[in-house]
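Me: I'd like to go through this one piece by piece. Can we start once it's on screen?

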Amino acid sequence: MGNLSVKIDTFIENFITYEGYKTVLEGLQNTLIIAILGLIIGIVIGTIIATVRVIPKYKLLPRVLNSICSFYVALFRGTPIVVQLLVFYYVALPIFNDLVSGFGMRLGLTGVQVAIVVFGLNSGAYISEIMRSGILSVDSGQMEAGRAVGLSFTTTMIKIVIPQAVKNILPTLGNEFIALVKETSVVSFVGATDLYVAFNYMGSNSYEFMIPYIVMALIYIVLVLLISLGIKIMERSLRKSDRRN
């Protein structure tokens, strides 16, 4: 117990006296920013891809777009997020900057910004399959009804089908958000500060990692519980809305 007390005192000293809490708050902020913006980008990309993949393939353009979307999904689902971060930051970004340097342009992205882009692209591949299953779960009569009153395919999808699909897949989207929050622990590979980096820094300063890592785990657990609670509240609200209708 005496040894544990020393570990706790050391952690408190690093956290408060040496202002380690500032790094932790920065890491928490970056973790939430990356996860939230990554999810938003993923929802937009995933919805577009899912729509393309359920469009009837009678013409050449839908078939070409479907092939591109299938390749995109296979690429991002088939490679680890760490590999995607490294390739984007250390390979794709330098190549792009070399290409545009002749025009006096340069794309300077921070580690956090790179993480947001990569997490959004990665999430889009997974959400596209989630959204596609949600769209297919909506009764086909909804699309037929929309077209029967003169709405275009796109308008019917946006105003009738997709809102119903989102209701069906809300719990799965919540799981995707939770996965994004936990996966942000790898953004240190591109120099971004997240919760892992913050607590690892505190442990490195004191050569004492047990308490910082336990506290880090507890913060992740609290975040996941809060997200789960938020999803349940949204589901309950949507069910009440359905009963009123």
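**Around P56**

Me: Setting aside neighbours within four places in sequence, which residues is P56 in contact with?

Reply: This is a predicted model, where local features need pLDDT of at least 70, side-chain atom pairs count only at pLDDT 80 or more, and totals for chains, interfaces and linings use all residues. Numbering runs from 1 along each chain as its sequence is written, and side-chain values use heavy atoms, with hydrogens and water left out. P56 sits in the loop between helix 2 and helix 3 (60–77), helices being DSSP runs of H or I with at least four residues, strands E runs with at least two, numbered from the N terminus. Counting heavy atoms within 4.5 Å as contact, the partners of P56 are P62 and F153.

Me: Is P56 buried, partly exposed or exposed?

Reply: Buried means under 20% relative accessible area, exposed over 50%, and partly exposed in between (1.4 Å probe, protein chains only). P56 comes out at 38% relative accessibility, so the label is partly exposed.

Me: And A50, buried or exposed?

Reply: A50 belongs to helix 2. Leaving out neighbours within four places in sequence, A50 contacts S128, M131, R132 and I135. The relative accessible area of A50 is 0%, so this residue is buried.

Me: How far apart are the C-alpha atoms of A50 and I33?

Reply: Along the chain, A50 and I33 are 17 residues apart. In space, their C-alpha atoms are separated by 25 Å.

Me: How many residues are in the largest nonpolar core?

Reply: A nonpolar core is a set of buried Ala, Val, Leu, Ile, Met, Phe, Trp, Tyr and Cys residues joined through side-chain atoms within 4.5 Å. In the largest one, the residues with the most contacts inside it include I34, F119 and F199. Helices supplying at least two residues each include helix 2 (20–54), helix 5 (111–137) and helix 9 (210–244). The count for this core is 45 residues.

Me: How many residues does the other core have, the one with I45 and V52?

Reply: That core lies apart from the largest one. Y72 and A125 are also among its members, and its count is eight residues.

Me: How many helices does the protein chain have?

Reply: The pattern along the sequence reads α-α-α-α-α-α-α-α-α. There are zero strands, and the helix count is nine.

Me: What is the radius of gyration of the protein chain?

Reply: It's taken over C-alpha atoms, and the globule rule is 2.2 Å times the number of residues to the power 0.38. A compact globule of 245 residues would be near 18 Å. The protein chain's C-alpha atoms fill a box of roughly 75 × 60 × 30 Å along the principal axes, and its radius of gyration is 22 Å.
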